[in-house]
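Me: I'd like to learn how to read a protein model by eye. Could you take me through one?

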Amino acid sequence: MVYQNQEGILLPDGDILHTIYVEMKNKHNTMNSASAGKTYIKMQNQLLNDDDCACFLVEAIAQKSQNIKWQTTVDKKKVSHRRIRRVSIDEFYALVTNQKDAFFKMCMILPSVIENVVNGTDDVLVPHDTVLEELQNVAGQLYNTSKELSIEMAVYMLGFSSYNGFKECLLMGEQDNDILKRLYGYANRLNDVCVYEEKKD
């Protein structure tokens, strides 16, 4: 993917450029060292061919919200470059849209879009899950909003708790610390079940 902005893109290190080449990954641990090395070399080559660009490794589920210089290993040697960056998806959305919480806002609207799709067709089967019911019950106590929004927030918090927009929701819920711990515990259990099912496949 390529992002271009004729007005200029300001990087955290102060560089201003007009093009960002993006390698998108789902999760921070989806590349082994050989794959990381190949990706980094490809990005280095891009910088050699275009001195008005940066290269981003964008991670949907990063370890934390970040826009940092990517450091990896190539041929057993640590390498880094200020224009080759490791970026969480919330920081990438913020850069592209110029809205700090753009990714959060997209996540908040996504459930209603999914609901419209599910309700708009008879071909989608939704399984019954008692863990989800319990998560809804606990989550509903946190924000006094709809059960659907609360469960979505719980699942989002599992992967995005340090991201722009989401971390502010956690701060709002600090007075309900016990509920947050239970909510996070249920979301963790749900995640463990998903990981187990993926490994079985």
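Me: Let's go straight to a residue. Which residues does Ile 20 touch, leaving out residues up to four places away in sequence?
Reply: A contact here means heavy atoms within 4.5 Å. By that rule, Ile 20 touches Met 1, Val 2, Tyr 3, Ile 9, Ala 54, Phe 56 and Leu 95. Before we go on, please note that this is a predicted model, where local features need pLDDT of at least 70 and side-chain atom pairs count only at pLDDT 80 or more, while totals for chains, interfaces and linings use all residues. Residues are numbered from 1 along each chain as its sequence is written, and side-chain values use heavy atoms, with hydrogens and water left out.

Me: How do I read a nonpolar core, and which residues have the most contacts inside the largest one?
Reply: In soluble globular proteins, nonpolar side chains tend to be buried together. A nonpolar core is a set of buried Ala, Val, Leu, Ile, Met, Phe, Trp, Tyr and Cys residues joined through side-chain atoms within 4.5 Å. Buried means under 20% relative accessible area, exposed means over 50%, and partly exposed is in between (1.4 Å probe, protein chains only). The largest core has 20 residues, and those with the most contacts inside it are Ile 20, Phe 56, Val 58, Phe 103, Tyr 163 and Phe 166. At least two core residues come from each of β1 (2-10), β2, β3, α2 (89-97) and α3 (102-119). The element that gives the most is β3, with four residues. Another core, of 12 residues, lies apart from this one, and its members include Tyr 40, Cys 53, Val 74 and Ile 84.

Me: Those element names need a key. In what order do the elements run along the chain?
Reply: Helices (H or I, at least four residues) and strands (E, at least two) are DSSP runs, numbered from the N terminus. This chain has seven helices and five strands, in the order β-β-α-β-β-β-α-α-α-α-α-α. Of its 201 residues, 36% count as buried. Among contacts with a separation of 6 or more, 63% join residues 24 or more positions apart.

Me: Now a helix, please. Which residues of α1 are buried, and which are exposed?
Reply: An α-helix has 3.6 residues a turn, so residues three or four places apart point the same way. In α1, the buried residues are Ala 36, Gly 37, Thr 39, Tyr 40, Met 43 and Leu 47. They lie on the same side of α1 because they cover an arc of only 165 degrees around the axis (the arc is that of the directions from the helix axis to the C-beta atoms). On the other side of α1, Ala 34, Lys 38, Lys 42, Leu 48 and Asn 49 are exposed. The buried residues pack against β2 (16-27), β3 (53-61), β4 (67-74) and β5.

Me: How far apart are the end C-alpha atoms of α1?
Reply: The expected span of a helix is 1.5 Å times one less than its number of residues. For the 17 residues of α1 (residues 33-49) that gives 24 Å, and the end C-alpha atoms are 25 Å apart, which agrees.

Me: Back to strands. Is Ser 88 buried or exposed?
Reply: Ser 88, in strand β5 (residues 77-88), is buried, because its relative accessible area is 0%. Leaving out residues up to four places away in sequence, Ser 88 touches Glu 59, Ala 62, Lys 64, Ser 65, Gln 66 and Tyr 163. The C-alpha atoms of Ser 88 and Glu 59 are separated by 5.0 Å, although these residues are 29 residues apart along the chain.

Me: And where is Ile 61?
Reply: Ile 61 belongs to strand β3. Ile 61 is partly exposed, with a relative accessible area of 33%. Its C-alpha atom and that of Phe 160, 99 residues apart along the chain, are separated by 7.0 Å.

Me: What should I look for in the loop between β4 and β5?
Reply: Check the sign of phi. Asp 75 lies in that loop, and its phi is near 50 degrees, a positive value in a residue other than glycine. Lys 76 is in the loop too, with a positive phi near 65 degrees. Asp 75 counts as exposed, at 74% relative accessibility, and Lys 76 counts as exposed at 84%.
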